[in-house]
Amino acid sequence: MIIGGLLLIMCFGACTEPSPLYGTWADNRGNMFSFFDDYSFNARISSGGVTRNYEGSYSILLNAMTLTCTNIELRVVTEWDIRGNMLYIDWSDENGVSFSLTLYKVSN
């Protein structure tokens with residue numbers, strides 16, 4: 001009985017808590033981010049009438065996020081915040097243009 005209880009505690013205690021970022025986030029202007037549990041991401045960002053696709057890896061430290069793109073040489077360091085089902089993030093493209101995004105969770 002005691003061993004079964006210990007195994008149960010170890011099983012649930014060893015599981016990592018899923019990140020609230022996992023899933024797909026989008027807005028009505030064509031911007032979209034998908035975050036995956038292997039710390040990779042895909043994004044489609046519209047800026048100045050041009051839509052560009054990005055992919056790469058991300059890391060999180062508290063409310064700071066580092067996005068490292070593998071398809072182009074771009075690294076974005078930003079703050080993120082989730083309130084309800086809305087993700088707030090600032091994006092800086094490869095031309096140095098920075099703008100704020102408000103994205104809504106559209107799938108897990």
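Leaving aside its neighbours within four places in sequence, N31 is in contact, meaning heavy atoms within 4.5 Å, with W25, A26, R44, I45, S46, L101 and L103. N31 is found in the loop between β1 (23–26) and β2, where strands, like helices, are DSSP runs numbered from the N terminus (E, at least two residues, for a strand; H or I, at least four, for a helix). N31 counts as buried because its relative accessibility is 2%, the cut-offs being under 20% relative accessible area for buried, over 50% for exposed and partly exposed in between, with a 1.4 Å probe and protein chains only. The side chain of N31 reaches the backbone nitrogen of S46 at 2.7 Å, and it also makes a polar contact with the side chain of D27 at 2.9 Å. A polar contact here is a pair of N or O atoms within 3.5 Å; within protein, one must be able to donate a hydrogen and the other to accept it, and residues adjacent in sequence count only if both atoms are side-chain atoms.

The model is predicted, so local features need pLDDT of at least 70 and side-chain atom pairs count only at pLDDT 80 or more, while totals for chains, interfaces and linings use all residues. Residues are numbered from 1 along each chain as its sequence is written, and side-chain values use heavy atoms, with hydrogens and water left out.

From this loop the reader can turn to the interior. The largest nonpolar core, a set of buried Ala, Val, Leu, Ile, Met, Phe, Trp, Tyr and Cys residues joined through side-chain atoms within 4.5 Å, has 22 residues, of which F33, F35, F41, Y54, L67 and W91 touch the most other members. Two or more residues of this core come from each of β2 (32–35), β3 (40–47), β4 (50–61), β5 (64–69), β6 (74–83), β7 (86–92) and β8 (98–107). For F33, once neighbours within four places in sequence are set aside, the contacts include W25, F41, I45, L67, W91, L101 and L103. Ring pairs, in which the centres of Phe, Tyr or Trp rings (the six-membered ring of Trp) lie within 6.5 Å, link F33, F35, Y39, F41, Y54, Y58 and W91 into a cluster.

Strand β7 shows how two faces can differ, with L87, I89 and W91 on a covered face and M86, Y88, D90 and S92 on an uncovered one. Strands pair if DSSP finds at least two bridges between them; β6 and β7 run antiparallel and are joined by four bridges, with M86 in β7 as the bridge partner of R83. Two residues lie between these strands in their hairpin, and G84 in the turn has a positive phi of about 70°. R83 also lies over the face of Y88, at 4.2 Å from the ring centre, where the criterion is NZ of Lys or CZ of Arg within 6 Å of the ring centre and within 35 degrees of the ring normal. On to β8, β7 pairs in the antiparallel sense over seven bridges, and L103 is the bridge partner of L87.

Two loop residues other than glycine also have positive phi values. Y39, in the loop between β2 and β3, has phi near 65° and is partly exposed at 45% relative accessible area, whereas L62, in the loop between β4 and β5, has phi near 55° and is exposed at 71%.

Note on methods:
Rings of Phe, Tyr and Trp (its six-membered ring) pair if their centres lie within 6.5 Å; planes under 30 degrees apart count as stacked, over 60 as edge-to-face and the rest as tilted.
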